[in-house]
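Subject: A structure to look at

Hello,

Here is the structure I promised to pass on. Please open it first, and then read my notes below.

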Amino acid sequence: RRAEARAASVGTTVSVRGRRIRVAANVGSLAEARAAVDAGADGVGLLRTELLYVDRPELPGEEEQVAELAEIFAALGDRPVVVRTLDAGGDKLLPALHLDPWRHGPLGERGLRHGLRHPTVLRTQLRAIARAATDCRGEVSVMAPMVTVAAEARAFRDLVGSVVRELAECDVPHRPPARVGVMIEVPAAALTAEEIGSEVDFVSVGSNDLAQYVMAADRTNDAVGELYQPDHPALWRLYETLVTGARRAGCEVAVCGELAASPDAAVRLVDLGVDELSMAPTAIPDVKAALREAFRS
Ligand code: PEP
Ligand code: MG
């Protein structure tokens, strides 16, 4: 039965109790964007932008970023895409930024923490995203990684606003992001999802990092691999708390960590009230089939 549903699912959307659930893809390159379309993705819930910055001694310029992003947007046709701003630091030590494993480590200045301290890098990226969006048929949204407190979410939203104003004042062709969101991957952010959600249009749960911080088990350290469990009951209690909080703030909730790729977890997350699941393209058909089977939609 699941095999039949799997075959029927490519390209069609899933509805659960009258709500449309987006089953989207995580991509980090043009090839992956094409794979997402082939797998029947309803959009891209996480466009990782780090690939543009790895293995090179200098930062990519604004024009290069516009060109790369425009190509990915074009491959997605009219599907919506969420572009995550640079997640530097943690397990992603990018040579051009001269990051230090301790200062910029998993508990250090990574993600948006780095972005707000080095606003030129973040502003350039936000300019490139808004400029590349001009020729795009689908909605382009932006989200920031590694947010801990509501003030950071507000600072990110203000920065997006300031970049858009600057482009408008200089008559640079652009399209403002359709939605501004942040990732929930820190326990404090999960516990205060209502406060954070009231600053933005949506939140997206990064279960990979959230599991690492909740279980105090480095996601890259095999010695504690057994403790690294994104589906531990402690995490499920937190997912429930954060979905409830974010929805109370009137905020959409997505999950873009690896957990969303597990059909059983996907069903449970949608049952909690999650609106969008984003995963590796190869997982999409099975997750769509599992949702259809579980909710008979
Ligand atoms: C996550 O942390 O769950 C996530 C999706 O981001 P990344 O794996 O890129 O850190
Ligand atoms: Mg993460």
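Which elements do the buried residues of α5 pack against? They pack against α3 (62-75), β4 (81-84), α4, β5 and α6. I will come back to α5 below, after a few basics.

This is a predicted model, in which local features need pLDDT of at least 70 and side-chain atom pairs count only at pLDDT 80 or more, while totals for chains, interfaces and linings use all residues. Residues are numbered from 1 along each chain as its sequence is written, and chains are lettered from A and ligands numbered from 1 in the order in which they are written.

**The chain as a whole**

The secondary structure comes to 12 helices and nine strands (DSSP runs numbered from the N terminus: helices are H or I with at least four residues, strands are E with at least two). A compact globule of 297 residues would have a radius of gyration near 19 Å, and the chain agrees with its 18 Å (taken over C-alpha atoms; the globule rule is 2.2 Å times the number of residues to the power 0.38). The C-alpha trace spans about 55 × 40 × 35 Å along its principal axes.

Buried residues make up 46% of the 297 (buried means 20 or more other C-beta atoms within 10 Å of the residue's own, exposed means 12 or fewer, and partly exposed is in between, with C-beta atoms placed from the backbone). Of the contacts between residues at least 6 apart in sequence, 69% join residues at least 24 apart (a contact means C-beta atoms, placed from the backbone, within 7 Å).

**Helices α5 and α6**

The 14 residues of α5 should span 20 Å at 1.5 Å a residue, and its end C-alpha atoms are indeed 20 Å apart (the expected span is 1.5 Å times one less than the number of residues). Its buried residues include Leu122, Gln125, Ile129 and Arg131.

Helix α6 (residues 150-169) has 20 residues and an expected span of 28 Å; its end C-alpha atoms are 29 Å apart, which agrees. Buried here are Glu152, Ala153, Phe156, Leu159, Val160 and Val163. Seen down the axis, these buried residues fall within an arc of 120°, so they line one face of α6 (the arc is that of the directions from the helix axis to the C-beta atoms). They pack against α4 (112-117), α5 (119-132), β5 (140-144), β6 (180-184) and α8 (193-197). On the face turned away from the buried side are the exposed residues Asp158, Arg165, Ala168 and Glu169. Just after α6, aspartate 171 takes a positive phi of about 55°.

**Two buried residues**

Alanine 33 is found in helix α2 (residues 30-38). It is buried, with 24 other C-beta atoms within 10 Å. Leaving aside neighbours within four places in sequence, alanine 33 is in contact with Val27, Val44, Ile72, Ala75 and Leu76.

Arginine 292 has its place in helix α12 (residues 284-295) and counts as buried, with 20 C-beta neighbours inside 10 Å. Its C-alpha atom is separated by 6.8 Å from that of valine 14, although the two are 278 residues apart along the chain.

**Around ligand 1**

Ligand 1 is surrounded by Leu46, Arg48, Asp87, Glu185, Gly206, Ser207, Asn208, Asp209, Cys256 and Gly257 (each with its C-beta atom, placed from the backbone, within 6 Å of the ligand). Helix α9 (residues 207-215) gives the most to this shell, with three residues.

Best wishes
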